[in-house]
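Biologist: Please pick one part of this model and take me through it closely. I want to know what it pairs with, which side chains hold charges together there, and what is covered.

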Amino acid sequence: MKTFPGGDSGRLCSVVAALLAFLMFSSACHAADVQKLWQSRDQFVALERQEAPPGGTVILNDHPVEISSDRLAAMLASIALQSPDNKTPEQLITIQSLEVLVPELLAGFKKAAPGDDVTFAVIGLHKSLYGFAKSPKVTTGRAFYQGGRLNVIFGLAQKDVNERE
């Protein structure tokens with residue numbers, strides 16, 4: 001066993017305690033930056049603080065904002081994805097998923113502050129095995145209303161859901 005002469009052990013304990021306090025504080029701050037508004041298993045809608053680009057400043061959103069349900073559903077339904085193995089584009093978010101997601105996104109846009117983005121994850125059943133079967137796939141994104149326009153940045157687009165992850 002290694003011993004430290006004199007006051008070195010006290011300094012080491014102080015450094016370790018300071019490091020632990022910093023880690024706990026930084027993780028608590030990150031958790032405070034995310035506010036879950038709705039969650040159902042692995043699906044969710046949350047408010048998250050905007051991320052500033054490196055060396056840049058944040059452009060505030062036009063939140064809170066009210067969008068009609070039909071308009072938001074139509075905008076999201078119009079987004080299609082064409083995979084390399086499929087000749088025809090497929091709707092990115094299924095109608096069934098939109099029925100669940102749109103009301104929660106609307107609530108998020110109404111509650112969001114100008115410095116917030118509305119983040120989401122939704123799981124839908126999409127065609128697989130040449131259209132003979134359907135499998136669950138997740139789509140994630142970050143949405144915000146800025147300059148009179150809806151902006152959506154997608155993270156994952158129809159990624160296969162692995163129940164073990």
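Modeller: Take contacts in the protein chain between residues at least 6 apart in sequence: 54% of them join residues at least 24 apart. Contact here means heavy atoms within 4.5 Å. This is a predicted model: local features need pLDDT of at least 70, side-chain atom pairs count only at pLDDT 80 or more, and totals for chains, interfaces and linings use all residues. Residues are numbered from 1 along each chain as its sequence is written, and side-chain values use heavy atoms, with hydrogens and water left out.

Confidence comes next. The chain averages a pLDDT of 82 (the predictor's confidence in each residue, from 0 to 100). Of the residues, 77% score at least 70. Residues 1–30 fall below 50 in pLDDT. Beyond near neighbours in sequence, that stretch has two contacts in the model.

Now the layout. The protein chain holds three helices and eight strands. These are DSSP runs, numbered from the N terminus: helices are H or I with at least four residues, strands are E with at least two. The order along the sequence is α-β-β-α-β-β-α-β-β-β-β. Buried residues account for 30% of the 165 in the chain. Buried means under 20% relative accessible area, exposed means over 50%, and partly exposed lies in between (1.4 Å probe, protein chains only).

The part I pick is strand 2. This strand spans residues 43–49. Six of its seven residues are buried, so strand 2 is mostly covered.

Start with its pairing to strand 1 (residues 34–40). The two run antiparallel and are joined by six bridges. Strands count as paired if DSSP finds at least two bridges between them. Glutamine 39 faces phenylalanine 44 of strand 2. Glutamine 35 stands opposite leucine 47, also in strand 2. Strands 1 and 2 form a hairpin, with two residues between them. Arginine 41 sits in that turn and has a positive phi of about 55°.

Strand 2 also pairs with strand 5. Again there are six bridges, and again the strands run antiparallel. Here arginine 49 has aspartate 116 of strand 5 as its bridge partner.

Now the charges. Side chains of opposite charge can pair when their charged atoms come close. A salt bridge needs a side-chain nitrogen of Lys or Arg within 4 Å of a carboxyl oxygen of Asp or Glu. By this rule there are five. One of them joins arginine 49 to aspartate 116, with the closest N and O atoms 3.0 Å apart. It links strand 2 to strand 5 (residues 116–128), across 67 residues. Arginine 49 counts as partly exposed, at 43% relative accessibility. Aspartate 116 is buried, at 10% relative accessible area.

Another salt bridge starts from glutamate 48. Its side chain meets that of arginine 142, at 3.3 Å from N to O. Glutamate 48 lies in strand 2 and arginine 142 in strand 6 (residues 133–146), so this pair ties together parts 94 residues apart in sequence. Glutamate 48 and arginine 142 are both buried.

Follow arginine 142 further. This arginine also forms a salt bridge with aspartate 117, the closest N and O atoms being 2.9 Å apart. That pair connects strand 6 with strand 5, 25 residues apart. Arginine 142 has a relative accessible area of 16%. Aspartate 117 is buried too, at 4%. Shared partners join Glu48, Glu51, Asp117 and Arg142 into one salt-bridge network.

Last, look at strand 5, the neighbour of strand 2, for its aromatic side chain. Rings of Phe, Tyr and Trp (its six-membered ring) pair if their centres lie within 6.5 Å; planes under 30 degrees apart count as stacked, over 60 as edge-to-face, the rest as tilted. The count is one aromatic pair. Phenylalanine 120 and phenylalanine 154 form it, edge-to-face, at 6.4 Å centre to centre and 85° between the planes. Phenylalanine 120 is in strand 5, phenylalanine 154 in strand 7 (residues 149–154), and 34 residues separate them. Phenylalanine 120 is buried, with a relative accessible area of 2%. Phenylalanine 154 is partly exposed, at 27%.

To recap strand 2: it pairs antiparallel with strand 1 and with strand 5. Its glutamate 48 bonds to arginine 142 in a salt bridge, and its arginine 49 does so with aspartate 116.
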